[in-house]
Amino acid sequence: MAVPTLAPAPTEPARISPLTAAYTRLTEVFQGLRVHEAAPGEALPAGPDWLLATRLAEGGPVLDDFIAQDAEQALRDHGRRPRPDVAATFGLHRYAWPLCLLVTIPWFLHRRVPRVPVEAVACSRTFGELAVRVEEFACLPDDAAASSPGARVVPDEEALRAEVRAALAEHLTPVLDAFRPRIRRGPRALWGLATDEITEGLWYLGHLLGEEKRAVHEAGLLLPGGVLPYAVPAGFRQLSGKDGELLSTRDRASCCLYYTLRPEDTCVTCPRTCDAERIARLSATR
């Protein structure tokens, strides 16, 4: 699925924490998303422009209103109203794709993994901003932030990858449970969607950061397959282009359902897109 359309980010200064440099760098390369850091114990932004993740995870009318934004956007963009399950899939993508970056980007850049339970996150209703209150993060023994308040030292890289998986699962579990009746897919399919959001967000930001090859490698180690609840792997593989060049692609664990609005326009990583078409489109992009 495409990168969510996010509102332009403001430029107000962020509070300084062991995660600030990573979130600042995120906005530098992807200006459509800004992260506001709340201090431990500080309230998250509230009011009509903000939505607490706890409210989203409760489901009910708040979630219905949230999904309705995507149905209206699809109607404006394509002149047709999506099926309810398609609008819900779009809504989950619009939330989960940037949310996963709260965890994966500090890990990718600085080997620091924040815990972000639903009660510690809020999002703007126009979706160019996230607010997070991090009270605990994992890091490696040689990290300069290892003695910071809230730091929890883990022994090695694999332990840190386990922290990434756990932090994302902690947040996404109640969110996926809320979306499940609207999306009408089982738990395995929903966690396949989550795997796609984690992987493609990291892949895209790796490209923007000039470290796409490392991002692909790191995502493969993070999501090797068979690590519950992420039952499927990141799914990267190499194709040979017309001139023998290597082209990176991956096999999505799920379909974003965009084809229901534009059957002729599928993602290059869509299960419906054959390798010949992938090679043609990737070669043209290069």
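In this predicted model, helix α4 (residues 84-110) and helix α6 (residues 187-208) have axes that come within 8 Å and cross at roughly 55°. Since angles from 65 to 115 degrees count as roughly perpendicular and those under 35 degrees as roughly parallel, α4 and α6 are therefore oblique to each other. The crossing in which α4 passes α6 is right-handed. On the α4 side, the residues that meet α6 are L92, H93, A96, W97, C100, L101, T104, I105, W107 and F108. Their partners in α6 are L193, E197, I198, E200, G201, L202, Y204 and L205. Sorted by class, this contact of α4 with α6 comes out at 13 nonpolar, three polar and two charged residues.

Helix α4 also packs against helix α1 (residues 20-29), this time at an angle of about 105° and with the axes 9 Å apart. That value falls in the band from 65 to 115 degrees, so α1 and α4 are roughly perpendicular to each other. From α1, the contact draws on A21, A22, Y23, R25 and L26. From α4, it takes in L101, L102, I105, P106, L109 and H110. The class split for α1 with α4 is nine nonpolar residues, one polar and one charged. Two α4 residues turn up in both contacts: L101 and I105 meet α6, and L101 and I105 also belong to the contact with α1.

Just past α4, the backbone does something worth a look. R111 sits in the loop between α4 and β3 (112-114). Its phi is near 55°, a positive value in a residue other than glycine. Another backbone feature turns up further along the chain, where L228 and P229 are joined by a cis peptide bond with omega of about 5°. P229 itself is placed in the loop between α7 (212-222) and β8 (236-240).

Now for the empty space. Rolling a probe the size of a water molecule over the atoms is what shows where such space is left. The second largest pocket has a volume of about 170 Å³. It is lined by 13 residues, and those closest to the pocket centre are S17, P18, P40, V134 and P149. As for the make-up of the lining, six of the residues in this second largest pocket are nonpolar, three are polar and four are charged.

Key: Residues are numbered from 1 along each chain as its sequence is written. This is a predicted model: local features need pLDDT of at least 70, side-chain atom pairs count only at pLDDT 80 or more; totals for chains, interfaces and linings use all residues. Side-chain values use heavy atoms; hydrogens and water are left out. On a 1 Å grid over the protein atoms alone, a cavity is a set of points where a 1.4 Å probe fits but cannot get out, and a pocket is an open set with protein on both sides within 12 Å along at least five of seven lines; lining residues have an atom within 4 Å of a point. Grid points are joined across faces, edges and corners, and a volume is the space filled by probe spheres set on the points. Ala, Val, Leu, Ile, Met, Phe, Trp, Tyr, Cys and Pro count as nonpolar, Asp, Glu, Lys and Arg as charged, and the others, Gly among them, as polar. Axes are lines fitted to C-alpha atoms, for helices over the stretch in contact, and angles run from 0 to 180 degrees between N-to-C directions. Helices (H or I, at least four residues) and strands (E, at least two) are DSSP runs, numbered from the N terminus. Angles under 35 degrees count as roughly parallel, over 145 as roughly antiparallel, 65 to 115 as roughly perpendicular and the rest as oblique. A crossing is left-handed if the near helix is turned anticlockwise from the far one by less than a right angle, and right-handed if clockwise. Contact means heavy atoms within 4.5 Å.
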